[in-house]
Amino acid sequence: MAHNVLFGNIAQDLATEELYKKAQTENIETLWDRKAALKSQCGFGEQGVCCRICTMGPCRVSPIPGKGVQRGICGATADVIASRHYARMVAGGVAAHSDHGRNIAHTLHMVSSNGRYQVRDDKKLLEVAARWGVSVEGKDINAIAQQVAEMALNDFGKPFGNLTLPGSVPDQRKKVWEENKILPRAIDREVVTIMHATHMGCTADAESMVNLAMRTSLTDGWGGSFIGTEFSDILFGTPVPREIEANLGVIQTNMVNIVLHGHEPVLSEMIVLASEEPEMKALAVKAGADGINLVGMCCTGNEVTMRHGVKIAGNFHQQEFAVLTGAVEAVIVDVQCIFPALATLTQCYHTKFITTSPLAKITGAIHVEFNEKDAFESAKRIIREAVENFHNRKPEKILIPQIKSQGMVGYSNRAIIGQLDRVVNSYTHKSGSFEPLAQCLVSGVLRGAVGVVGCNNPKVKSDYGHIEIIKKMIANDVIVAVTGCAAQAAAKAGLLSKEAVQYCGEGLRKVCELADIPPVLHMGSCVDISRILELVGEVAKILNLDMSELPVVASAPEWMSEKAVAIGTYAVSSGLDTFLGVTPPVTGSPEVTDILTNRMENWVGGKFYFETDPLQAAEKMLARIEEKRANVEKLNIQRMCVTGYDELSPGF
Ligand code: XCC
Ligand code: SF4
């Protein structure tokens, strides 16, 4: 295997760089080597102009007018081909997020007072029950939970009517959706509609194709993902702020190290519970270790760090590097974002690679199926596999980079409101709302807000895009919410710590000090972008504006997955400009490019920006935020006596 990627060029964080060197010495292949081996990637694929929808093809058409083949065998143009491909990416992403949500709903349906799955957040359940119109009078908490779960499960495939939308969607936004015919119907129905419309011989009009994709994407953000987040909070607790550590340095020499990787909290929650059992600890000690050290990766990592403070080993690009430490007894995965490469890589070490979901079996992995009905026993079985593996370690192969950072996680919306309330005089300020935040935006103390989300992608040096953009935002008084692998990049860079106020502009620094928050708020996993939607929707409602009028934008600097395309599309459809640091495969179609980066704004008030240079992207984001500030600055909000925030809102 050729290792022709230069040291210093693969990742922003030094732990990964250190382990990449180890990989080179041991002649172990990583994603970077496989990327280099591909040499140049397929230009047709990259521009979205290769169609394989029927077997008359594959047809690759030329993106250059008048040059090369202009149409597929059926006559489909580059615009048709690229738009269909884009819509299928959206459908793939929506399916993944929403099926995750569905699984959580099924788990909620299993709650009982003496079982392993219980209602942990009654308050949240009652709020959610109200939204689904479930009457709670005289009902036992488990019965309410089951009925809520049933309502939600039925929403996935209901034959008539529209998605049950959360109350946070402003009326103005609903109107925009109605006018554009993108008010979503049932979740599964929209995904199926895309699969149908993109079938050979259906939609052959780019505008109409993108329109269908927009409607479908909304079932993710405001449907499947929303359900995923809310029901996880009911089942496992709504996150509260807590301090954590992040980066590969959280792996410990003298412990049984278990990496939890994937997305759904259903299994990982049980593993956390089971690992705390004295019986499991004793087993680890008997095996010669000091105990069990759970560490998280990707979104499963985000779920358990938000609720239990489980340390973050790293994000998407670090999954192989965790194994390369030689000190990981088991990588336990559920679904999504799992490299099949782990199967061969783990064979070079003592590490067990354990798949648990029938949806994500991987050749070469050990499959220990996780069964919710016997969740705790399944979890213990899986932990036992790891503990029994401890004695197989090869000390000469161990290298744990001593690199980690501290930071805060756990900023659910309830937690954010709690922080805001701490400094507010409760007799005038409606406590329990985002009002102070809205005020800070209006006064200009905060210039705006941005959600930085998404993956790593070897087209970008790992974490470089995330970190440059976040730093530029906070320096300019723009508060940042992060989720997914972007959140973990921020954690590793120390940007989730309260000390990160040193990088902030004056206004943001004051807000953070008063509310006792870091300038970059870890709001969870990628399905938890629903928390960001909820926050933006609620702030818009307070100001009686549409979401598209707020100085708020979204950014996915290093995205790679179909889920990210779904997210970007629902963010734009919700009115938020979305800056993509990796160009989506549509540029072979002048029309689709124009729709995404231009026409969409006329439809829904937001659009995509393709900008691969993070510094340029940051400039454009700030310019757009300043432009949108005009909408909030003209608001003549009655001055509210808000102690603490007073000095921040001198204009009121
Ligand atoms: Fe996966 Fe959610 Fe992307 Fe990370 S950020 S690589 S999708 S784990 Ni969602
Ligand atoms: Fe080619 Fe048309 Fe078939 Fe696509 S649908 S593979 S463009 S013939």
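Is Cys298 buried or exposed? Select Cys298 to begin the tour: at 1% relative accessibility, this cysteine counts as buried, because buried here means under 20%. Keep in mind as you click along that you are looking at a predicted model.

**Stop 1: Cys298 and its backbone**

With Cys298 still selected, show the backbone. Cys298 belongs to helix H12, which covers residues 298–308. The phi angle of Cys298 is near 55°, a positive value in a residue that is not glycine.

**Stop 2: another positive phi**

Now go to Asp516. Here too phi is positive, at about 55°, although Asp516 is not a glycine. Asp516 sits in the loop between helix H20 (506–515) and strand E13. The surroundings of Asp516 leave it partly exposed, at 29% relative accessibility.

**Stop 3: the nickel atom**

Follow the chain onward through strand E13 (520–522) to the loop that leads to helix H21 (529–542), and select Cys526 in that loop. Then show ligand 1: its nickel atom has a single donor from the protein, the SG atom of Cys526, at 1.9 Å.

**Stop 4: the shell around ligand 2**

Next, centre the view on ligand 2. The residues around ligand 2 are Cys51, Ile53, Cys54, Met56, Gly57, Cys59, Gly72, Ile73, Cys74, Ala76, Arg84 and Met200. If you colour this shell by residue type, you get nine nonpolar residues, two polar ones and one charged one.

Stay with Gly57 for a moment. The peptide bond from Gly57 to Pro58 is cis, with omega near 10°. Pro58 itself is in the loop between strand E1 (50–51) and strand E2.

Now pick Ile73, in the loop between strand E2 (59–60) and helix H4 (78–109). Ile73 is exposed, with a relative accessible area of 56%. Switch on the surface and add Met56 and Met200 to the selection: together with Ile73 they make a nonpolar surface patch of about 280 Å².

**Stop 5: salt bridges**

How many salt bridges does the structure hold? There are 47 salt bridges in the structure, and a few are worth a visit.

Start with Lys174 and Asp171, whose side chains meet in a salt bridge of 3.9 Å, N to O. Both residues lie in helix H7 (residues 171–179), three residues apart, about one turn of the helix. Lys174 is partly exposed at 28% relative accessibility, while Asp171 is exposed at 59%.

Then select Asp463 and Lys492, which form a salt bridge with the closest N and O atoms 2.7 Å apart. Asp463 is in the loop between strand E11 (448–452) and helix H18 (464–475), and Lys492 is in helix H19 (residues 484–492), so this pair ties together parts that are 29 residues apart in sequence. Asp463 is buried, with a relative accessible area of 1%, and Lys492 is buried as well, at 9%.

Return to helix H20, where Arg509 and Glu513 lie four residues apart, about one turn of the helix. Their salt bridge has its closest N and O atoms 3.1 Å apart. Arg509 is partly exposed, with a relative accessible area of 24%, and Glu513 counts as partly exposed at 46%.

For the last selection, choose Asp577, Glu601, Lys607, Arg624, Glu627 and Lys628: salt bridges that share partners join these residues into one network.

Note on methods: Residues numbered from 1 in each chain as written. Chains lettered and ligands numbered in written order. Predicted model: local features only at pLDDT ≥ 70, side-chain atom pairs only at ≥ 80, totals over all residues. Heavy atoms only, no water. Donors = N, O, S within 2.8 Å, 3.2 Å for Na, K, Ca; no water. Helix = DSSP H or I, 4+ residues; strand = E, 2+ residues; numbered from the N terminus. Patch = residues over 30% accessible without salt bridge, like charges linked within 9 Å, V, L, I, M, F, W, Y side chains within 5 Å. Areas by Shrake-Rupley, 256 points an atom, 1.4 Å probe, with all protein chains shown as cover. Salt bridge = Lys/Arg side-chain N within 4 Å of Asp/Glu carboxyl O. Buried < 20%, exposed > 50% of the residue type's maximum accessible area, 1.4 Å probe, protein only. Near = heavy atom within 4 Å. Nonpolar A, V, L, I, M, F, W, Y, C, P; charged D, E, K, R; others polar.
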